[in-house]
Amino acid sequence: MKLTVSVIKADVGSIGGHTQPTKKMVQAVKKKIDGAIKKKLLIDGMVTFTGDDLCLIMSHKKGNDHKDIHTLAWDSFISATKYAEECGCYGAGQDLLADAPSGNVRGAGPGVAEITFDFNKKEPRPAETFMVFAADKCGPGAYNLPIFLAFADPMYCAGLMLPKMIKGFRFEIIDMNNVKGGDHVITLDAPDDLYEIAMLLRDGERFGIKAIYSREYDEQTASLSTDRLHSIAGKYTGKDDPVALIRTQGIFPAPEELLSPFVKVPFVGGDSRGSHNMPLMPVAINTPVTGPYCLPIVSALGFSITPSGRFSDQFTDFFDNPAWDFVRLKAQEKAIEIRQQGWYGNAMLPYDELEYSGFKVTMNKLLKKFKVVKRK
Ligand code: MG
Ligand code: MG
């Protein structure tokens, strides 16, 4: 039986700054999800938040990019926006960039990660497990390093040496700055094209991982949201705050192999006004952003799912564990350290990223005041 897991997220308002949605906003989305389960549009579904981003995690039989599922997500965000507006929340409806999308929220603001797969309880997938990562105050490139390491470096994923994974993984990488005519995508294989993959993924502002497939089994393991709001809106409207859906175990990396690169707490583009480089701190689900100068955060949940598409009665919240306290301290130390240089050099993003923001206005005013002095 074909099952689809859809993860759709959006920031539609938050309390006292870009911190977290209100309880009523979460309840409004939950009501929509529960209604859709009752109507049998969804098999299962739930809502979480990571910082100011609401995240819908849903199972159904409709396939990827389905009108009914995307419309449900859009309507859910609209109902949360109503509460956000009512109580004066900051940035109410901020990620809903279209008036009414034509049955697909891709390119309309919300971030989407979806995988459709066969689940017959047979080899090579006798059981199905997946993880959902959600990150706030950063762009899709925030996943480039940890996900690359988990799928392409045996130092982080020793499982790559096993017969089921030794052929490696196929990476679909997208040029996020290029939206003309559709998605600009390249397919590269790890380990064969390792250095070419690194060449692209080093620039997380422009290139992001869109999907990953097992080369041995031709099965999709990962889907990541890679829309950039500034590419859609033509200006800065908020950071992209990506989600990732990753099938785990067996023929794919195990959760621990996926999580281990996150101990690096890499500097990622985002943070305050989406304009700085700051470390990515792992946090429990439903954590608000209140750290020094924002501090980008990432959550990681693990689910099991039945062949009929029902989620396990509870999920595992991987980063909600004392084992990650030391990593969080490391992120805070790195954050405080780079903030010592404030606006200078690589503490802030390069100018071509700031070009979408209000910083451009200040810069353009200054550029006009330059005078040409002839050399003698
Ligand atoms: Mg926000
Ligand atoms: Mg956000």
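## A covered helix beside the largest pocket

In this predicted model, helix H3 is mostly covered, since eight of its nine residues count as buried. The buried residues of H3 are Asn 144, Pro 146, Ile 147, Phe 148, Leu 149, Ala 150, Phe 151 and Ala 152.

Helix H3, which spans residues 144-152, is also one of the elements that give two or more residues to the lining of the largest pocket, the others being helix H4 (194-201) and strand E11 (267-270). The volume of this pocket is about 430 Å³. Its lining is made up of 20 residues, and those that lie nearest the centre of the pocket are Gly 141, Leu 201, Arg 202, Gly 204 and Phe 267.

## The first magnesium ion

The magnesium ion written as ligand 1 has three protein donors, namely Asp 11 through OD, His 18 through ND1 and Asp 52 through OD, and these lie 1.9 to 2.2 Å from the ion. Along the sequence, the spacing of these donor residues follows the pattern D-x6-H-x33-D.

Two of these donors can be set side by side for their exposure to solvent. Asp 11 has a relative accessible area of 1%, and it is therefore classed as buried, the cut-off being under 20%. His 18, by contrast, is partly exposed because its relative accessible area of 31% falls between the limits of 20% and 50%.

## The second magnesium ion and the bridge

The magnesium ion written as ligand 2 is coordinated by the OD atoms of Asp 52, Asp 53, Asp 136 and Asp 241, at distances of 2.0 to 2.5 Å. The sequence spacing of these donor residues is D-D-x82-D-x104-D. Asp 53 lies in strand E3 whereas Asp 241 lies in the loop between H5 and E10, so this pair of donors ties together parts of the chain that are 188 residues apart in sequence. Both Asp 53 and Asp 241 are buried.

Asp 52 appears among the donors of ligand 1 and again among those of ligand 2. This residue bridges the two magnesium ions, which lie 4.0 Å apart.

## The four-stranded sheet and its helices

Four strands form an open sheet in which the order is E2-E3-E1-E4 and the pairing is antiparallel. Strand E2 (44-50) and strand E4 (111-118) are the edge strands, each of them pairing on one side only. On average, and with direction ignored, neighbouring strands of this sheet are turned by 10 degrees against each other.

Within the sheet, strand E1 (residues 2-10) and strand E3 (residues 53-60) are joined in the antiparallel sense over seven bridges, and the bridge partner of Lys 9 in E3 is Cys 55. Helix H2 (residues 67-86) packs on the sheet, where it touches E1, E3 and E4, and the direction of this helix makes about 150 degrees with that of E3. Helix H1 (residues 23-38) lies across E2 and E3, and it runs at about 165 degrees to E2.

## Backbone features in the loops

Two peptide bonds that precede proline are cis. The bond from Glu 123 to Pro 124 has omega near 5 degrees, and Pro 124 sits in the loop between E4 and strand E5 (128-136). The bond from Ala 190 to Pro 191 is likewise cis, with omega near 10 degrees, and Pro 191 belongs to the loop between strand E7 (185-190) and H4.

Positive phi values in residues other than glycine are found at Asp 65, where phi is near 55 degrees, and at Asp 241, where phi is near 45 degrees. Asp 65 is placed in the loop between E3 and H2, and with a relative accessible area of 35% this residue is partly exposed. Asp 241 is placed in the loop between helix H5 (229-233) and strand E10 (243-248), and with a relative accessible area of 3% this residue is buried. Asp 241 thus combines a positive phi with a place among the donors of the magnesium ion written as ligand 2.

Methods. Residues numbered from 1 in each chain as written. Chains lettered and ligands numbered in written order. Predicted model: local features only at pLDDT ≥ 70, side-chain atom pairs only at ≥ 80, totals over all residues. Heavy atoms only, no water. Donors = N, O, S within 2.8 Å, 3.2 Å for Na, K, Ca; no water. Buried < 20%, exposed > 50% of the residue type's maximum accessible area, 1.4 Å probe, protein only. Pairing = 2+ DSSP bridges. Axes fitted to C-alpha atoms, helices over the stretch in contact; angles between N-to-C directions. Contact = heavy atoms within 4.5 Å. 1 Å grid on protein atoms, 1.4 Å probe; cavity = no way out; pocket = protein on both sides within 12 Å on 5 of 7 lines; lining within 4 Å. Points joined across faces, edges and corners; volume = space filled by probe spheres on them.
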